[in-house]
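Here's a quick look at how charged side chains pair up in this one, with a helix or two along the way. Have the viewer open while you read.

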Amino acid sequence: MNYLSVEAVSKAYGAKKLFDKISFGLNQGQRIALIAKNGAGKSTLLKIITGKEIADEGSVTFRKDITVTYLNQNPVFNEEDTVVEAIYKTNNPALNAVREYEFALEAFEAEMSDKNSDRLERATEAMNDLDAWQMDAKVKEVLQRLKIAFLDKQISVLSGGQKKRVALAKVLIDEPQLLILDEPTNHLDVEMIEWLENYLINKDLTLLLVTHDRYFLDSVCTEIIEIDNTKLYSYKGNFQYYVEKKAEREAIEGSEIDKAKNLYTRELEWVRKMPKARGTKAKYRVDQFEVTKEKAFSAKKEEKLELGVKMNRIGGKILEMVNIKKAFGATPIINGFSYVFKKGEKIGVVGKNGAGKSTFLNMIMELEQPDAGTISTGETIVYGYYSQEGMTLNEDKRVIEVVKDIAEYIPLADGSKLSASGLLTKFLFPPDVQYGFVSKLSGGERRRLFLMTILIKNPNFLILDEPTNDLDIVTLSVLEDFLTNFQGCVLIVTHDRYFMDKLVDHLFVFEGNGVVRDFPGNYTEYRDKKEWEDRNKPAEQIAAPVEKAEEKKAAPVITPEPAANKKKPSFKEKFEYEQLEKEIAALEKEKETLSEKLNSGISDHAEITKCSQRISQIIAELDEKGLRWLELGEMM
């Protein structure tokens, strides 16, 4: 059953053509991802489909009897509304009944009058008539999962991230048959993203979405469509399949263009020699020559983002944090955190929204002060801080003026210098865009420009707070390669699990209540380890829900199997075995470092005692982990 048909749609802004006569359809149950470079027209196409913009030509047709909901990349609300009013503004009868029931219940609890009692009774009857109790439970689940507890706040006082979560909650609660999402994972923490993945997969939804999150794309979508050089291409598979097939397509197109160029050279010679009196056959050949000419010159120059700026020299001392403490009121954010940063390491920072990740970065940058402890930065360190709050570009300035305000000429990694205009070209800003105003840039282009303003200051310690929001997949790949080869330190806060997995050596995990855990691995390894730990918690640590305590089942008694019937190791056991190898190696290295320190002849008695105590702890940990490693090794 066809839900959406896009037929021969074109759109251009002045001389810039976004897409030309593109067509595709969306059938019931399909989940399609739309990808393209920044500025290629992804969001514009969604706005045309949803009637927010008008195409230059072509048509968009929806099936008449379906409901369609659209999540804008930058949602717009009535600023005077409260969050609860914004969420409940809908034509859905069941949701309207839930709204009236919740308001009636609140009024009755505030004042138990006959008037409020009658209102509550009528609302309850409406809930029963529409069978809306399940909808009520769904509303509470969505709000809880997206951590929307600020229901009485006015929209005008919310941050951009909070508005995006409210808009997402609204479209999910509305229960449309066709859901159109523009960057739905922006401003969500990883836990929310993983919940959203499962929610979309398990619901009977037809889905069209724009996303740069490659794990999310792979989990949710079964097909990819791409806008490339104003044309649309379809790939029926996951992201890896898309990468492979796109490379094949470009190779074939390149071969066909080479053949057309050779034929064009031969035909051009014939056209030049041909007499003016042309017969029918000659006219046909001339027409074919024009077709060949168009094909021969159809190849576009593939411009690639180049991140090759110079990095300042980095000295021996980088950044030392000693016994850092920070709290907001009675809520501890960081309690007794210490770490000495080393050259070249790349660290991911993970935790729920509000756990203190951005506060941690701000303390490093001295934008906030710790309550206790010391933060000491090396003399050679030059920070480059990419933050959501810091991305304030003057809308009335031209793009090239933004760069020239920092420097007219910028030193590159190879020792040469480049003008502001030349560097903008390397960052994929052509001359017509360079002399345009910042206000005309797309969301992704703004972020690319902001990233450029940071890198041209030649930092050797990069702090990246959600750097992947609104960047296209091509730009993300180039940024990943640049950071992989970056010789300085990198500290990354991101909800993009693919980006984090590819780059980080270890994680700072904000677990809540002031606890920051240093985990030796990437996010996927941490998540697998956490799942394993949760499944293997002692029974007394697992709290059953209070309202269902009577349903709590006795934990199964696990008895050792005879050696003859020993099972093969599970995935989790293999994972634990590999993690133990890494942890044991790290402990051995730490022990060796401390031993060398003690043998170096240090005279500070307190330091000697501290090192000796830590070595004793390491030996005990090595004994414990070593026994478990041997036990698992026998199973392997």
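Arg497 comes out as buried in this predicted model, its relative accessibility being just 3%. Its salt-bridge partner is Asp213, with the closest N and O atoms 3.6 Å apart. Asp213 sits in the loop between β7 (206-210) and α8 (214-220), while Arg497 belongs to helix α17 (residues 497-503), so this pair ties together parts 284 residues apart in sequence. Asp213 is buried too, at 0% relative accessible area. Both belong to a salt-bridge network that also takes in Glu194, Glu197 and Arg527.

Across the whole structure, a search turns up 32 salt bridges. Three of them, including the one above:

| Acid | Base | Closest N and O atoms |
|---|---|---|
| Asp213 | Arg497 | 3.6 Å |
| Glu191 | Lys352 | 3.6 Å |
| Glu100 | Arg119 | 2.7 Å |

The Glu100 and Arg119 pair links helix α3 (residues 93-110) to helix α4, 19 residues apart. Glu100 is partly exposed at 30% relative accessibility, and Arg119 is partly exposed at 27%.

As for Glu191 and Lys352, they are partly exposed as well, with relative accessible areas of 39% and 43%.

Now for charges that gather without a partner. On the surface, Asp114, Asp118, Glu121, Glu125 and Asp129 make up a patch of negative charge. Asp118 lies in helix α4 (residues 114-129) and is partly exposed at 41% relative accessibility.

Helix α6 (residues 160-173) is another story: 13 of its 14 residues are buried, so the rest of the structure largely encloses it. Just after α6, Glu175 adopts a positive phi of about 55 degrees.

Key. Residues numbered from 1 in each chain as written. Predicted model: local features only at pLDDT ≥ 70, side-chain atom pairs only at ≥ 80, totals over all residues. Heavy atoms only, no water. Buried < 20%, exposed > 50% of the residue type's maximum accessible area, 1.4 Å probe, protein only. Helix = DSSP H or I, 4+ residues; strand = E, 2+ residues; numbered from the N terminus. Patch = residues over 30% accessible without salt bridge, like charges linked within 9 Å, V, L, I, M, F, W, Y side chains within 5 Å. Areas by Shrake-Rupley, 256 points an atom, 1.4 Å probe, with all protein chains shown as cover. Salt bridge = Lys/Arg side-chain N within 4 Å of Asp/Glu carboxyl O. Lys, Arg positive; Asp, Glu negative; His and termini not counted. Charge placed at Lys NZ, Arg CZ, Asp CG, Glu CD.
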